[in-house]
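These exercises ask you to read contacts and backbone features from a structure. Work through each task before reading its solution.

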Amino acid sequence: MFASFGLSWILLLGVNFTIIIGTSEATGEATSISLYASSPEFRFNKSGINVQQEVRPSSTSIGLSDFSFETPFPVALTHSLNENALTHGSGSVGVGFVEKNVVESLTAENRNEAFQIVNEWKYLDFDYPTYTQRQEAISNRDFIPENNLPLGIDVYGDRLFITTPRWKDGVPVSLSYLPYPPKERSPALRPYPDWGSHSNIQELDCSKLISVYRSSIDSCGRLWVIDSGIVNATANLNQICQPKIVAFDLATDKRVVSFTLPPDQVKQDSLHSNILADVLTDQCENAYVYVTDVWRFGMVVYSLAENRSWRVTNYNFIPNPIASDFNVYGLNFQWLDGVFGMSLSLDEEVKRPTAERILYFHPMASFKEFSISTKLLQNESLWPARAQEIAKYFVEIGDRGNLGQSSSAGIARNGIMFYTQVHRDNVACWNTAKPYVRANLAMLLSRGQNLVQFPNDLKVDKERDQGLWVMSNKLPIYLYGMLDYSEVNFRIVRASVSDAIHNSVCDPRVQDAHFNIPVMVQLHEGQCY
């Protein structure tokens, strides 16, 4: 059945459901959505507004004639469907069935409570050996507090790991740690593994850490980082050292890997800014590491066993110009950032016959998600000789919709992918066992909340009760505006994976939206789905 009002078209797949769309008289855009479902076996459940007639629970089909409603609906009542086909003003549209009971998604306001503040800062400080050394660093402008911004987050045992790239002058170290649980709300960062492992820019030593962007912790207890070797990326990009992959054994805090990328894998103006370690169970010495080149749209694959790397290219690594336009916090800027976010399918899935591990990825300037078999990435002989032949195996799996730009992503043991929504100040989820359609994607925080402001990095830890960690850092204001250091600018929040998705469409207990809920696809002129 098709229903169309104004410029919005909705496709419904299912028989016992009706969708009613309110439109704005001024713009013709969809401004509200009501979803109705009935079945002889289930209690009737509905969501919507301006409903004046109750539907009989015994009915097996519902038509527009079953309702009377006013049009147009006030624009302020609901979330614009054109902005997000997944949710309306009170939370998720998705409704699932669990053992013949109707399960409603939690409202986003209630789900906010799952996220707790771990640490927050107005500005960063570092734990210098002595107060005198700190003051000397400030006097020499080796430490300029307002120039330091936390970017990456990682968690292992009783420690949090934080990266602070040298975007500007006055950043003394680019990799630090903090104790967890926290002993104070805004602690000074402790250099990892120690002060001596970080190079002073005035006395450059490229064997030490220069500018670490992000990290990845593998199942063997190793912390992998990508050191870009770049300083002053916000002003005049300065590649003072070659990029390198470094790994630390978290049991001893000793460096166990340091691999400098070959010159032919580093292009002019390359920025290697994200890293993901891929280790199957009990194969610690056969690890692979994926590193994204966000500005020159490539990926470097490193083999620990061979101590070699190669560069992978594909047209899906390229940014979408339409998605490169950002409007946040009153700032308008363009980021033509290519392949960026990465996450891996579950290790357990590889144990099945003929199964392959999948790398999910997306450019920062994109609304789409893609996937590729890791077997293809790990075969050095294919790159670049057979790049064109292999291109067809890089597959688009779905679309997050307008304003769906994402930086980081991670997948929990229950198969749920979490990913940031930087344009929406939100975190979202997808159950990888379900199709990547918008009816199966859910926002985890309410609109207008200020708990997370520009969620830049996201990690899922490896604890028994897995936690979801988010680094929020107001990066656009740091780059193009002026942070207000009288208020909180940086924040780390955590939620239990199970609590974050409870009763949402991402909850594994909630069946596929295709099974009991109609798939809703919003079609605009010139778009194909």
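**Exercise 1.** Over the ring of which residue does the charged end of R400 sit?

Solution. The model used here is predicted. Start from the charged end of R400 and look for the ring beneath: that ring belongs to Y419, and its centre is 5.8 Å away. The limit for this arrangement is a distance within 6 Å of the ring centre. R159 gives another case, with its charged end over the ring of Y177.

**Exercise 2.** Find the salt-bridge partner of R159, then decide whether each partner is buried or partly exposed.

Solution.
- Step 1. R159 forms a salt bridge with D253, and the closest N and O atoms are 3.1 Å apart.
- Step 2. R159 belongs to strand β12, while D253 is in the loop between β19 and β20, so that the two positions lie 94 residues apart.
- Step 3. Buried means under 20% relative accessible area. R159 has 16% relative accessibility and therefore counts as buried.
- Step 4. D253 has 27% relative accessibility, so D253 counts as partly exposed.

**Exercise 3.** Which residues are joined with D154 into one network of salt bridges?

Solution.
- Step 1. The structure holds 20 salt bridges. One of them is between the side chains of D154 and K459, at 3.1 Å from N to O.
- Step 2. This pair links distant parts of the chain, with D154 in strand β11 and K459 in strand β35, 305 residues apart.
- Step 3. D154 counts as buried at 5% relative accessibility, and K459 counts as buried at 15%.
- Step 4. The side chains of D457 and R214 also meet in a salt bridge, at 3.7 Å from N to O.
- Step 5. D457 lies in strand β35 and R214 in strand β15, so this pair ties together parts that are 243 residues apart in sequence.
- Step 6. D457 is buried, with a relative accessible area of 1%, and R214 is buried at 2% relative accessibility.
- Step 7. Salt bridges with shared partners join D154, R214, D457 and K459 into one network.

**Exercise 4.** R166 has no salt bridge: how far away is the nearest side chain of opposite charge?

Solution. R166 is found in the loop between β12 and β13, and this residue is buried. The nearest side chain of opposite charge is that of D227, 7.2 Å away. A salt bridge needs the nitrogen within 4 Å of a carboxyl oxygen. Leaving out residues up to four places away in sequence, R166 touches several others, including V171, L209, I230 and N232.

**Exercise 5.** Classify the aromatic pair F317 and F361 from its ring geometry.

Solution.
- Step 1. The structure holds 22 aromatic pairs. As a comparison case, take Y128 and F143, whose ring centres are 5.9 Å apart with 40 degrees between the planes; this pair is tilted.
- Step 2. Y128 lies in the loop between β10 and α2 and F143 in the loop between α2 and β11, so the pair ties together parts 15 residues apart in sequence. Both residues are buried.
- Step 3. For F317 and F361, the centres are 5.2 Å apart and the planes are at 80 degrees, so the pair is edge-to-face. The cut-off used is over 60 degrees.
- Step 4. F317 lies in the loop between β24 and β25 and F361 in strand β28, so the pair ties together parts that are 44 residues apart in sequence.
- Step 5. F317 is buried, with a relative accessible area of 0%, and F361 counts as buried at 0% as well.
- Step 6. F317 and F361 belong to one aromatic cluster with F370, W383 and F394.

**Exercise 6.** Which residues have the most contacts inside the largest nonpolar core?

Solution. The largest nonpolar core has 38 residues, and those with the most contacts inside it are W121, I162 and I492. Among the elements that each supply at least two residues of this core are β10, β12 and β37. The largest share, three residues, comes from α5. Not counting residues up to four places away in sequence, I162 touches W121, M471 and I492, among others.

**Exercise 7.** Where does the cis peptide bond that ends at P384 begin?

Solution. The bond runs from W383 to P384, and its omega is near 0 degrees. P384 is placed in the loop between α3 and α4. A further cis peptide bond runs from Y180 to P181, with P181 in the loop between β13 and β14.

Methods:
Residues are numbered from 1 along each chain as its sequence is written. This is a predicted model: local features need pLDDT of at least 70, side-chain atom pairs count only at pLDDT 80 or more; totals for chains, interfaces and linings use all residues. Side-chain values use heavy atoms; hydrogens and water are left out. A nonpolar core is a set of buried Ala, Val, Leu, Ile, Met, Phe, Trp, Tyr and Cys residues joined through side-chain atoms within 4.5 Å. Buried means under 20% relative accessible area, exposed over 50%, partly exposed in between (1.4 Å probe, protein chains only). Helices (H or I, at least four residues) and strands (E, at least two) are DSSP runs, numbered from the N terminus. Contact means heavy atoms within 4.5 Å. Rings of Phe, Tyr and Trp (its six-membered ring) pair if their centres lie within 6.5 Å; planes under 30 degrees apart count as stacked, over 60 as edge-to-face and the rest as tilted. A charge sits over a ring if NZ of Lys or CZ of Arg is within 6 Å of the ring centre and within 35 degrees of the ring normal. Lys and Arg count as positive and Asp and Glu as negative; His and the chain ends are not counted.
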